[in-house]
Structures are given as structure tokens and as C-alpha cells.
Amino acid sequence: MRRHLAAALLWAALTAAGLWAARVDLLPLAAAREAAIIDEAFRLLLRLSVPVFAFVLAVLIYSLVRFRVRGEPREEGPPLFGRGIVPWVWLGVTSALAVYVIFNPGLRGLAELRANPTADLVVQVEGSRWQWKISYPQYDMTVREVVLPVGRRVRFDVTATDVLHSFWIPAFRVKIDAVPGMTTRVFVTPTVAGSYEDSYHLRLQCAELCGLGHNLMASPVRVVDAGGFEAWVARGKSR
Amino acid sequence: MTDDSMQSGPFGALLPVVRGLIVGVIGFLLGGGATVGAATLLGRSAWPAEAAISIGYLFGLTGWLLGVGVWDAWARGWFGLPLRREEVHGWPRYFRFTTDHKVIGVQYLVTFVALFLLAGLFAMLMRVELAAPGRTIMTAARYTHVMSMHGIIMIAVAVAAIIGGLGNYAVPLLIGADDMAFPRLNALSYWLVPPVAVLLVSTFFAGGFDTGWTAYPPLSEVNATGQVLFNLAVITFGLSSILGGVNFLVTIGRLRAPGMTWGRLPVFVWSVFAASLISLTATQFLAAGLVMILLDRIAGMAFFSALRGGAPLLYQHVFWFYSHPAVYIMILPGFGIALEVLTHFSRKPLYAYRWVVGGFLGIVALSFVVWAHHLYTSGMAEYLHGPFMATTELISIPTGLIFLAALGTLWMGKLWLRTPMLFALGFLFNFLIGGVTGIFNADVPTDLHLQDTYFVVGHFHYTIMGGMIFALFAGIYYWFPKITGRLYDEGLGRLHFWWMFITYNTTFIPMFWLGMFGMNRRIADYPPALGPVNLFISVSAFLLGASFLVFVFNMVHSWRRGPQAAANPWRARTLEWQVPSPPPEGNFPSPPQVTGHPYDYGVPGAVHAVVAVAGAAGPGAPVEG
Ligand code: HEM
Ligand SMILES: [Cu+2]
Ligand SMILES: [Cu+2]
């Protein structure tokens, strides 16, 4: 019993330390509604994994300290076969955790991300080795950078002409492959104005190996306010 | 390495290999020539290089196998000719088509440790390139090729080093058998490996291949001819893996010693059994996918070419239908070794043995229904995300049982911290990180961001390298005295462990952060802001690479000059330790009689088996070391 108590205290201490450390924000600029959902899922998973991690670590450390024998052990340990209740409890707890994680953040986050399949603005993105072509069909414009109005829901229709590419904007946290012969879709609502010059996370990066120029296949992303966006469209039209 | 009788000198020892090479080259030229001839007759104008390579390779492979020993030891019988068998002793055995499972085990082990070191060298080259932003030592094209070579060789190591090496060596001994069920098939599985290595190295002369180890089309259908060599190599390797799987299943099913019931099977044997179930049933899918790519390339078909009406996504499903289960081919035997070692070195019964076996089988079953978690961002149908996320998260339940067993075994044990035990404990720690980060990849919302970033690179290195490779080292140190009859140097073993454990973690932990922070994978260059962390990783990686020098030195030196090992230096209860080190050919003079569980430490009067061997130590006999 004393042993269990000591190990449990170690577990509690490690968990507390872990939860404290997990408050450090490791995530980059989050500039979209989707990024907030995904970051929340990330933080939840992080918090849930701390006690699990700490449990294994606590038993490991405690055993190493308490049960270590210097030199060759002459005795054998007590024959614990694990035929009693313990494995059932373990099975119950781990199953409950696994099922919980499926629902939250899994299915819940997924539902939030997919909730609203309507868009104010459609942007067509076409990958070909090794650049992105970005078109705004509503304005009949084709450009080399992604410019978006803050607060408007955007749908990206993504495709490719040659091999697989992948559409990824780290600051938005969303990714979808560009597949030749198919159009894939992703919805984003930008929430923060900014540009690639301020943060390299505002870039449209190819994330699927596509050959020689793969790492260079990136386009700048700029999020502007509504007025700025209209002005940008007008400038593009007049050119 | 005793060289008691070498009838023919070093050249004679290599004769079969030379003969295989010559017949192989002749076969290649015949097959390739016939293809070119046929194409000319059919009036094809284009030079059918890739078709000639592929068909030439089929003939060349056949020629190599016949020349290296299949003809003498096997095929002559099909024509009513007497088989030719020669008695070879000492090191030349390792260069022969030999059927002794212990020789084949060592062949596998040495070959794959060498391949591991080669692929590690490629990793060092990558880390030099990535040490600073911008170009350092190679072009992006060369980087991608080196990265792809590193990946595929390491995957081969992960699939075959434990099963082929330690599995072949230890499984027949552990179950009290005299050999594998199909000894010649076993030799064949091994001799299929050299052509794989030759093909992969040849890609350097055929334009390389730039598709990673995954070979996704359409890229793999439009790139250099190196891709064809890659596909042929992996198909050949798959064949070897399937044959190995059959052999283990039949061996474990049919050749157990009297009294060795399924409920008394050592846990490593169970893990090899579970992994073999997967290699036998899943590998075909990978081979089929790669053959379809070849057909698209050389025969004008259009399985995966979107521009000609094919479906690129189809390949990803087929590929991962094999390759997800395949990660369990890699890790299950790792679990087996870790638990085996933890039990003997805690001097306690394996905790929750039956739950572990259930966990293994649960993992096998679930592993077939999770593949599409690699496709969350691929553009597959939306409704598939939820179900595949659910199955994937569920796999943590049987995996959790492995941890229960490990912790339950340690608890109140008498822990003996020798090198194998240190590596088994390192395995637990690393695999825990691999498993926990796996949850982030399994969860659709977080994976949308993390997929194809360095987070994934960190995750799979934690499972494969931190898990499987640490287990491999645990197993190598554990069975070294049995295999070589000598003791390794304990001080160097511990030095290797601590050096590798620390630098391993400092190398791979920062990768999780890099991935979250916007560094996608498979790139030769990255945003300059990520430079300092990458430099840190590279320096750690070089230190990590250096740790293997300690290992190699220890192995080579101890094999030649280490002190003689007793039959049972660990006082372990399983059967392989009840025969001399190294065990004689045929293992047991008469089949052992198994009477109890292999792990009944602390149970008064418990006996695992009665083994009739003169001069071997039984449990509890005095030991050295
Ligand atoms: C010496 C330690 C090692 C270092 C420094 C290292 C480093 C790397 C790096 C930098 C990459 C490129 C990641 C990417 O861009 O996707 C990589 C890929 C990879 N590594 Fe390692 N690695 C090491 C050991 C291993 C081991 C032991 C294994 C498996 C047994 C392994 C398996 C792989 C695989 C499968 C890939 C993926 C290749 C692909 O994307 O096609 N590595 N490694
Ligand atoms: Cu790309
Ligand atoms: Cu998988």
C-alpha cells in the first residue's frame, strides 16, 4: 500500500508539472476560425496525454529507484500473474479514454470544421510543377498570391495538372491535396489581417512531394480588411 | 568466428555468390535482349528500356537464385538429379545457401545491421544539408533521392531485421524445434535480399527516384527510370517477406516441442506469429500496387494516371492497405523482445500474459481497418474520416495492454539493469512518446495541420527507431552470448545505450515542434526562421550517429575476443538458454519436454521444460557474467 501511495504521489507531481509545462504555447500564428478549432483540439489532446504519459513515467521511475538490484539478483520477484481485476480496470480506463478522444476533440472538431458548406468567396487553386495558379472566378482574375478579406468565408477549389500537390497554409492549419483529375475543397474564414512579410506562416505551401522544386512551391498569403480587398480587386481589374 | 575448417580458402568460400552473379547477369542480358528483340519485331519505334530492365530483371533474379544455390540444393531434385550438398564450416557458411536457421538468422542480422548503418549514413548527409537554410552540400534533386533511399532502406531494416534475424535465430530454439518448417524456403527468403540492395544502389545510375518510400503516382509514373528499379526492389523484398511469413506461421503452428502449448509460447514467439499473419496477408497489396505502376509505365496502361482516365487516389488506398499493417510487422516483434527481456531481467512472471496475446491479435485485426488515416488530407470521400479516426483511436486499447504488461512486470521485480534491460526500458519510454503523438495524427482536426510535416517525421521515428530499433538492440545484446558463444563488453554496452538514448531524444523531440511550426517534410530547404532548431537537430544527429561506432566496435571486438559465455548467463528460463552457447546444429539432441510456463519466476518448484543436453546449465545453475 505504501508503495502504491508513493507511486501515486509521483504520478500526481509529474502530472501537475506536465500540465504546467503544457501551458507554454507551442503553436504558430493562428489566423482563421479553423485554426482556432484545430488549436483547441491540439491543446485538449495535449492536456489529456499528460496524465497518461505521467502515469507510465511514474511507474517506470518509481520501479527503477525502488526495485533496482545492484549486481546480479539472487532472488526472484513475487509471482504476480495479472489474472485478477487489474487488467479489467486497465481495459476499462483505456477504452473509456480512447472512446472519449474519438468524440472529443475528434468528431466534435470535425463537425465544427465542416459545419457551414457555404461561401462568400470562391478561390480556385491549381498546382502544377512547381507553382500555384490562383483564380478568383467571381472577379475573373488570375494571380500569383492569395489575397483574402478578413471575416469572410472562403471556399478553395483545389486541383492539379500534373502530379499530386498539397494545399497548406500553416497559419490557417488546413491542408488538402491537389489531385489531377479531381477538385478537392476546403473552407476557411480568416480572422486576422496579416501578410507573408509579417509571418512566414501566411504562405500557401505545397505539402506533397512533387519532385525537384517541391520545397520552393509556395505563394504568399495576405489577409486584408474588406475595404482593402475591394481596392485590391479594383486594382487587379484595371490592370 | 571460428575458422576450424576452410577447405577452399576465401575465394572458394565466395564461389556460390560469384556463380550467382554470373548466372544472374547472363539471365538479365537474355531477358532484356529478348524484350528488345520482341519490341523490334513488333515494330515498336521507341527504345523499350524500362520493359527490357523489368523483364531482364525477372530472368536475372532467377539466374542469381539458381546460381547461388537453389540449383544445387533444390532444383536438381525436380529433374530427378541428386542434390549436391557440401559440408561447410566456419565463416564460409554465411556466404552459402545454407538451411540452418541459426546461420540464416546471422546472415539476416549482419546484412540488415549493415544496411541500417548505410541508411544511417544517408541520414547524416540529409542532416548536413538541413543544418542551415539554403543549399549546403547537395541539390534538391540529390537530397530527395538520398532521403528516399534512407527511407526505403530503413523500412526494409524495420521489416526484416528482427523477424529475419532474431526471429530466425531464436524462434525454433524457443519452441524446442530443430529448424524452421521449410529450411530451403528460409534460405530462399534470405538470398532474395541481395538483389534488393543491388537494385536500390543502382538507382544512383538510373536518375534516382524522387518519390520517397511511398512511390505515389502520378509522380512515380513520370519520373526517372530509377523508379522502375525501386519498384522491382520492393516487389522482390515483399516476396521475401511473404515467404518468411508462411515459414514462421507453419513453424510455430506445427513444430512446437511436446507440451509447448499455445498458452506456454514465449511472448516473442507470439509476437512473430502475429507479425507473420500480417506479412502473409497484406504484402501482396503493396506488390500489386507497384506492379500496376510498372504496367502504367511500360505497357501504356492507366491504373493511376488521371490524364489517361486512371485514379491516383486508388494507389494510396492500396498502398496503405499494406503499409499501415506493415508498421505492425515492424513493431510487434519489438513488443515481443521488450517484454521477453523485461520479464527475465525483472525476475518475475510476465504480467497479464494472456492479455498480451489478446493485445497482439487485437492489433493484427484492427491494423487492417485503419489504413485511411493516412488519407485524411488526400481528398477521399468526406464521410470516411469519422470511421477511420474511430478505428485508429481504438488501436490504442490493445497497445495499452502491452504497457500494462510491461509495468506490471517491473512492479516489485528484482530489476537487473544490464544492457538488454536498458534498451527494453528505453523502448518503453520512446514508444510511449511515439504512441501519444500518434493520437495527434489519428485525430482528424489536428492531423489536417500535422499531416506531411516534421511532426509526422518525429512520430514515426519515435515508433520505428525509438521503438523497433531499440528493441532490436535489446535483442542483439540479449542473444549475443547465445549466438556467438561470447560475452559482449558490458561497460561499452551501457555507454552505447546512454549515448544513443540521450542523443536520440535530443534529435527527434524538436521535430515535433518544427512540424507544428510550419516545416513540411521531404524538403531540402525550409523557412530561414527555423534554422537554429535545425542546426541543433543536426548536431544531435551527428552525435547519435557516432554512438553506433561504440556498438560496432563492441560487437566486432567481443565476437572475436570476448570471454567465453556460459550456456545461460542470464539465468533465463526459456529453452534457448538450456542448450550450449552457441547451440549445436539441430539444437536439441532430443525434443525437449515442456512441462510449464516459460516465465514462472518466483514460483517454487516451477519447471518450464526438461532438456536432455550434456553440460548445459538449467535454471538456477551457477552462472557467470
Ligand atoms: C540516425 C538517425 C536518423 C536520422 C537523423 C534520421 C533522419 C531523417 C530525416 C531528416 C528524414 C526526412 C524526413 C522527411 O523529410 O520526410 C527521415 C526520413 C525517414 N526516416 Fe529517418 N532518420 C534516422 C533513422 C531512421 C531509422 C532508424 C528509421 C527506421 C528504421 C528511419 C526511417 C525513416 C523513414 C521511413 C523516412 C521517410 C522517408 C520518406 O519520406 O519517404 N530513419 N529520416
Ligand atoms: Cu510539392
Ligand atoms: Cu498507418
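**A tour of the chain A and chain B interface and the chain A sheet**

Begin by selecting A:E72 and B:R571, whose side chains meet in a salt bridge with 2.9 Å from N to O. Bear in mind throughout that this is a predicted model. The pair you have on screen belongs to a set, for across the interface of chain A and chain B the rule finds three salt bridges, and the same boundary holds 18 residue pairs in polar contact, both residues of each pair being at pLDDT 80 or more.

Next, colour the side of chain A that touches chain B by its secondary structure, and look for helix 1 (2-21), helix 2 (33-66), helix 3 (86-113), strand 7 (174-178) and strand 10 (203-206), each of which supplies at least two residues to that side. If you select one element alone, take helix 3 of chain A, which gives the most, with 17 residues. Recolouring that side of chain A by residue class gives 52 nonpolar, 18 polar and 14 charged residues.

Now widen the selection to both partners, where 84 residues of chain A are in contact with 93 residues of chain B. Together the two chains bury about 7600 Å² between them, and 72% of this lies on carbon and sulfur atoms. Picking out A:E76, A:K175 and A:L209 shows you the three residues that supply 9% of the area that chain A buries against chain B, more than any other three.

Leave the interface and turn to the sheet of chain A, an open one of five strands in the order 3-2-1-5-8 with mixed pairing. Strand 3 (141-143) and strand 8 (184-188) stand at the edges with a single partner strand each, so one side of each is left without a neighbour in the sheet. Looking along the sheet, you can follow a twist that averages 25° from one strand to the next.

Within this sheet, select strand 1 (residues 121-128) and strand 5 (residues 154-160) of chain A, which pair in the parallel sense over seven bridges; to see one position in register, show A:V125, which stands opposite A:V158 in strand 5. Then add helix 4 (residues 226-238) of chain A, which lies across strand 1, strand 2 (131-136) and strand 3, and runs at about 95° to strand 3.

For a last stop, select A:D25 and A:R43, which form a salt bridge with their closest N and O atoms 3.4 Å apart. This pair links distant parts of the chain, since A:D25 sits in the loop between helix 1 and helix 2 and A:R43 in helix 2, 18 residues apart. A search of the whole structure finds 21 salt bridges over all chains.

Terms used
Residues numbered from 1 in each chain as written. Chains lettered and ligands numbered in written order. Predicted model: local features only at pLDDT ≥ 70, side-chain atom pairs only at ≥ 80, totals over all residues. Heavy atoms only, no water. Contact = heavy atoms within 4.5 Å. Buried area = accessible area lost by both parts, 1.4 Å probe. Salt bridge = Lys/Arg side-chain N within 4 Å of Asp/Glu carboxyl O. Polar contact = N/O pair within 3.5 Å; in protein donor to acceptor, adjacent residues only side chain to side chain. Helix = DSSP H or I, 4+ residues; strand = E, 2+ residues; numbered from the N terminus. Nonpolar A, V, L, I, M, F, W, Y, C, P; charged D, E, K, R; others polar. Pairing = 2+ DSSP bridges. Axes fitted to C-alpha atoms, helices over the stretch in contact; angles between N-to-C directions.
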